[in-house]
Amino acid sequence: MNDTARERILGRLRKAVGQERTLPAVPPPPETPPLSRDDKIERLNTLMTAMRSEVHLVPRDAWVEKLKAILQEKGLTQMIYAPGTPIGDAVAAAWSEGEGGLPALRPYEQAVESFKEELFAIDAGITGTAGAVAETGALILWPDETEPRLISLVPAVHIAVLDADRIYDTLDEAVEKGGWAEGMPTNALLVSGPSKTADIELVLAFGVHGPKALVVLVLT
Amino acid sequence: METKDTKRVEKPFDFKANVIKALGNRQLRSNLKFAMGSMTAKRKALFSDTAAFEALRARGNAIRRRALLQLPELLEQLERKCTENGITVHWAETTDAANEIVLGILRDHGATRVVKGKSMVSEEMHLNRFLGDHGIESLETDLGEFIIQLDGETPSHIIVPAIHKNKQEIARTFHEKLPDTPYTEVVEELNAIARKTLRKKFYEGEVGLSGVNMAVAETGTLCLVENEGNGRMCTTVPPVHIAVMGIEKVVEKLSDVPPLLRLLTGSATGQLVTTYVNMITSPRKPGEKDGPREVHLILLDNGRSTILPDEKLRQTLQCIRCGTCLNHCPVYTRIGGHAYGFVYPGPIGKILTPQMEGLDRTSAIPTASTLCNACEEVCPVQIPIPDLIRRLRNESYDPDGSVCGHGVKRNLAETAVWKAWALVNRHRALNAVGTRMAGIFGPMLPRIGPLAEWTRSRNRPEFARKSLHDMAREEGISDE
């Protein structure tokens, strides 16, 4: 029955558009002068901060120390990470049991079905990023088999580590230069801040379903 | 938790009565005035560079027109790519068929609890009511949708569904409908109540259901746009994800997404980008640790294919459901969404509803426009909404029209009047008599008969005692 529904719908559509069709050309995106590396960092920082993200610019070799300081200040109890990713492995290597005020590290190693209860009790998660978009101020996340999707969604605090060399000017550029059309991952995400809503009287409130806080460490 | 779904309102649709009721609701009018003013200001601030906005709009328009002209091929390509990626594609001609497909998937999994992201197509399907009738809990998780579902209402706005309510009303709803919930009017606390209630539901949800903002034929990717994170929860936590989509939402290429995204979020909420843009291309792959193991895409027609043949009316299908025409409409901002009586309110509803539901039931809806053109000016994909409203008004009277229910308003008296008008204006002698009569009887006309209604809120036209022809003749000017 479903096959015939398909045929009937497609039949109507084919008849509706006919054979002779003149397709309008899509005008190209506007030519804008490329932003410098510093400008891209600056714009991303400004826009994401305006969306209530906590953005920190840190030297490449000092980010783990900065991370520890942030976590100690926030007083979080458990942090989930993805073993086998550069970020996850760097964190695991730098953690020592019972270090003052740091959250306990929890690896995301098994399928969610056997891990869900624990996952929903964890209050922080750390991920890498596949870049960012300066124009609109958003991180690009491409979760995969080593870095699961829920790390950036379920815990109340999401910490994302971004390589400043991977900031694109625009999403158009990211899609084109990143060759997205040649192979999209299971899930690609843009994330521009902590979860928010304005559904009650248009009052902006943060942390409605997803993370209440988004911490971005930009490695310069 | 107590949730009830919208009861089917079997009363015949009476637009005028709805409008009068809405206009009398001072709370509604003040809520709308504040909210729409705020949303239009945010949008204006974002698109402050007119030239850049017009260029972006031209791109959006071309992308959507290209997609509609290739709709059958793009849907086949989307189906092929999705299938390759492991997504199961279903086709539904009607909302009943789409509901049955959803139910079939739920039954295959023995599922009784569905967590739902915001979807206007699911509103078309009246999905919550259908699933409720089959003993399945279908829970809205977008905050605005959650609020109105608790009150057994439907969305009054495409983007901010609970905009007709103020925080006192919401506080009362939460206090009364959610167990152990103290009364609070603090918005942050209301949000926290929703977060706590729904988190458990995401955790327990057996199937997640969502809409689709656009689907990319080139890669078989479903794009979902949101701020809250409930959409990501619904499409990532439960083991099964069902996406419902109107067949017109497909685009050709991935490179079409960035401009449409800018237009959508900018027009809808004045945002450069939403908190989350969620692009889904497949179910969980081997080795991945989370995400649904099954993803289903339901392609719903529900009358869309009958809108496509007419080159003018086809433009209705360019819509990306940003809702900005509602915010800018002087009629919508005074009566709100419920008065329109159908799923899509405001200017887009005025052109979409009659084509989906038939003019025989809905011919009053296109009359609710001042033709001020605001909707056309702000439309991110340049739909000439006022033109299409005029076309549908004509269709209401046209026995030879093409839209379902055309000619419904045609009546003998009116037809006779216009026939007489045409006759009088073709024959000089009749015209002379006619203008003289108008001068004599004209002044009393609007106070009697069907025209009395017309002049209640308009200036009464004054007929000249003498016609222009007479005056010219008196001046000695020949009209030969």
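**Helix α3 of chain A and residue Q271 of chain B**

In this predicted model, the buried residues of α3(A) pack against a set of strands and one helix of chain A, namely β1 (54-58), β2 (78-81), α4 (86-94), β4 (124-128), β7 (157-163) and β12 (213-219). The residues of α3(A) that are buried are W63(A), V64(A), L67(A), K68(A), I70(A) and L71(A). Because they cover an arc of only 165 degrees around the axis, they lie on the same side of α3(A). On the face turned away from that buried side, α3(A) carries the exposed residues E65(A) and E73(A).

The length of this helix can be checked against its residue count: at 1.5 Å a residue, the 12 residues of α3 of chain A, residues 63-74, should span 16 Å, and the end C-alpha atoms are indeed 16 Å apart, so the two values agree. After the helix comes G75(A), whose phi is positive, near 60 degrees.

A second place to look is in chain B, where Q271(B) sits in the loop between α12 (257-269) and β9 (276-280). Although it belongs to a loop, Q271(B) has a relative accessibility of 11% and therefore counts as buried, the cut-off for that term being under 20%. Its side chain makes a polar contact with the side chain of N227(B), at 3.0 Å. When neighbours within four places in sequence are left aside, the residues in contact with Q271(B) are L46(B), N227(B), T265(B) and G266(B) from chain B, together with K196(A) from chain A. N227(B) thus appears both as the side-chain polar partner of Q271(B) and in the list of its contacts.

Key: Residues numbered from 1 in each chain as written. Chains lettered and ligands numbered in written order. Predicted model: local features only at pLDDT ≥ 70, side-chain atom pairs only at ≥ 80, totals over all residues. Heavy atoms only, no water. Helix = DSSP H or I, 4+ residues; strand = E, 2+ residues; numbered from the N terminus. Expected span 1.5 Å × (residues − 1). Buried < 20%, exposed > 50% of the residue type's maximum accessible area, 1.4 Å probe, protein only. Arc of directions from axis to C-beta. Contact = heavy atoms within 4.5 Å. Polar contact = N/O pair within 3.5 Å; in protein donor to acceptor, adjacent residues only side chain to side chain.
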